[in-house]
Amino acid sequence: MKTLFVFNASAGHRDMEERRAAIEAWLWERGLPFHYYTGDLRENSGEEIFSGYDHVVAVGGDGTAFWTVNKLMEAGVRGFSLLPAGSGNDLARTLKIRGRLHDQLAAIFSAPGRPLDVGQWQERYFINIASAGLDADVNAHFHRHRDRLRKRRLLGWLQALVETAGSFDHLPILLHGREERLAICTLGNGRYYGGGFPILKEAEMDDGLLDLLTVDVRRIHLMIPFIISLFVGGSRRFTRGFTRERIQRLKLTLLRDTQVNLDGETFWYRGEVEVSIHPGALTYYGQ
């Protein structure tokens with residue numbers, strides 16, 4: 001198995017340089033080659049970046065994982081691993097990646113591969129979460145003001161929620177043939193977003209299904225209590241206006257220009273959208 005390590009575009013920062021040196025040293029001690037890519041994944045095709053490799057390790061946060069997975073799907077490369085080095089690391093939480101860097105590397109090169117599903121939103125893929133509505137707007141707001149909010153971690157996301165909710169009206173959407181006015185429409189292959197919020201606690205990344213949560217805009221006043229319940233228990237008590245499903249494929253229509261969150265990256269969509277899951281599209285190596 002020929003492995004390529006992909007570092008995010010900020011690999012020149014000191015902490016990422018130190019991590020890259022530590023990875024190289026660990027590989028050198030074991031006589032393993034060190035091939036790496038530090039460019040912007042958006043600038044080249046998956047075939048160009050991953051030519052000759054059958055295993056790619058994303059070193060970074062959820063954004064790095066998102067772009068790596070999109071390029072893997074484009075290139076038809078199946079082997080995937082993650083070394084978390086971002087601020088959110090929500091995918092790493094679902095994968096239960098813990099311990100020191102050396103422990104994570106040892107698992108990548110010794111653990112048997114296991115199937116990993118990949119979601120698709122129109123032409124783009126996502127490995128963790130896709131959402132539209134208030135939570136997607138909060139994600140965009142958080143990243144626009146990340147220098148101010150990122151240091152506060154979960155509290156920063158909550159602050160972004162408070163700052164965004166006042167101007168949020170509703171998400172107009174056609175879903176299951178009905179026009180809805182929603183607060184959020186969230187689909188998950190993984191469980192966490194926003195730097196640690198367990199929005200879809202029952203999601204599994206190898207069951208061939210996406211978990212869907214929608215919240216009617218008339219229940220938006222319950223979002224803070226609902227978020228608290230995700231941590232302390234009792235989220236299932238929120239039923240009226242809260243809809244939960246498990247799906248393989250979904251067609252919806254966004255009735256106006258809408259910010260969409262795909263693994264923490266923001267894109268604009270309007271019109272008909274098809275969402276689906278690709279069971280076992282990748283083979284995951286690691287913890």
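**Exercise 1. Asp 90 and Arg 93 in a helix**

Work out how Asp 90 and Arg 93 are placed relative to each other in helix α4 of this predicted model.

*Solution.*
Step 1. Find helix α4, which covers residues 90-95.
Step 2. Count along the helix: Asp 90 and Arg 93 are three residues apart, so about one helical turn separates them.
Step 3. Look at the side chains. Asp 90 and Arg 93 form a salt bridge, with their closest N and O atoms 3.3 Å apart.
Step 4. Check the exposure of each partner. Asp 90 has 5% relative accessibility and therefore counts as buried, while Arg 93, at 34%, counts as partly exposed.

**Exercise 2. Other salt bridges**

How many salt bridges does a search of the whole structure find? Describe the bridges that Lys 71 and Arg 30 make, too.

*Solution.*
Step 1. The search gives 15 salt bridges.
Step 2. In one of them, the side chains of Lys 71 and Glu 74 meet at 3.7 Å, N to O. Both residues belong to helix α3 (residues 62-75), and they sit three residues apart, about one turn of the helix.
Step 3. Compare these partners with the cut-offs: buried means under 20% relative accessible area, and partly exposed lies between that and over 50%. Lys 71 has 9%, so this residue is buried; Glu 74 has 35%, so this one is partly exposed.
Step 4. Turn to Arg 30, which forms a salt bridge with Glu 29, the closest N and O atoms being 3.3 Å apart. Arg 30 is partly exposed at 44%, and Glu 29 is exposed at 58%.

**Exercise 3. Phe 7 and its surroundings**

What kind of aromatic pair do Phe 7 and Phe 34 form, and why?

*Solution.*
Step 1. Begin with the total: the structure has 14 aromatic pairs.
Step 2. For Phe 7 and Phe 34, the ring centres are 6.5 Å apart and the planes stand at 90 degrees, so the pair is edge-to-face.
Step 3. Place the two rings on the chain. Phe 7 lies in strand β1 (residues 3-7) and Phe 34 in the loop between α1 (14-29) and β2 (36-37), so the pair ties together parts that are 27 residues apart in sequence.
Step 4. Both rings turn out to be buried: Phe 7 has a relative accessible area of 1%, and Phe 34 has 16% relative accessibility.
Step 5. Widen the view. Phe 5, Phe 7, Phe 34 and Tyr 36 form one aromatic cluster.
Step 6. Add a charge: Arg 20, in helix α1, lies over the face of Phe 7, at 5.9 Å from the ring centre. Arg 20 is itself buried, at 16% relative accessibility. Leaving aside residues up to four places away in sequence, Arg 20 touches Phe 7, Phe 34, Tyr 36 and Thr 38.

**Exercise 4. A patch on the surface**

Which residues make a nonpolar surface patch of about 400 Å²? Is Val 232 buried or exposed?

*Solution.*
Step 1. The patch is made by Ile 224, Ile 228, Phe 231 and Val 232.
Step 2. Locate Val 232: this residue is found in helix α9 (residues 223-232).
Step 3. Exposed means over 50% relative accessible area. Val 232 has 67%, so this residue is exposed.

Key: Residues numbered from 1 in each chain as written. Predicted model: local features only at pLDDT ≥ 70, side-chain atom pairs only at ≥ 80, totals over all residues. Heavy atoms only, no water. Patch = residues over 30% accessible without salt bridge, like charges linked within 9 Å, V, L, I, M, F, W, Y side chains within 5 Å. Areas by Shrake-Rupley, 256 points an atom, 1.4 Å probe, with all protein chains shown as cover. Salt bridge = Lys/Arg side-chain N within 4 Å of Asp/Glu carboxyl O. Helix = DSSP H or I, 4+ residues; strand = E, 2+ residues; numbered from the N terminus. Buried < 20%, exposed > 50% of the residue type's maximum accessible area, 1.4 Å probe, protein only. Phe/Tyr/Trp six-rings, centres within 6.5 Å; stacked < 30°, edge-to-face > 60°. Lys NZ or Arg CZ within 6 Å of the ring centre and 35° of its normal. Contact = heavy atoms within 4.5 Å.
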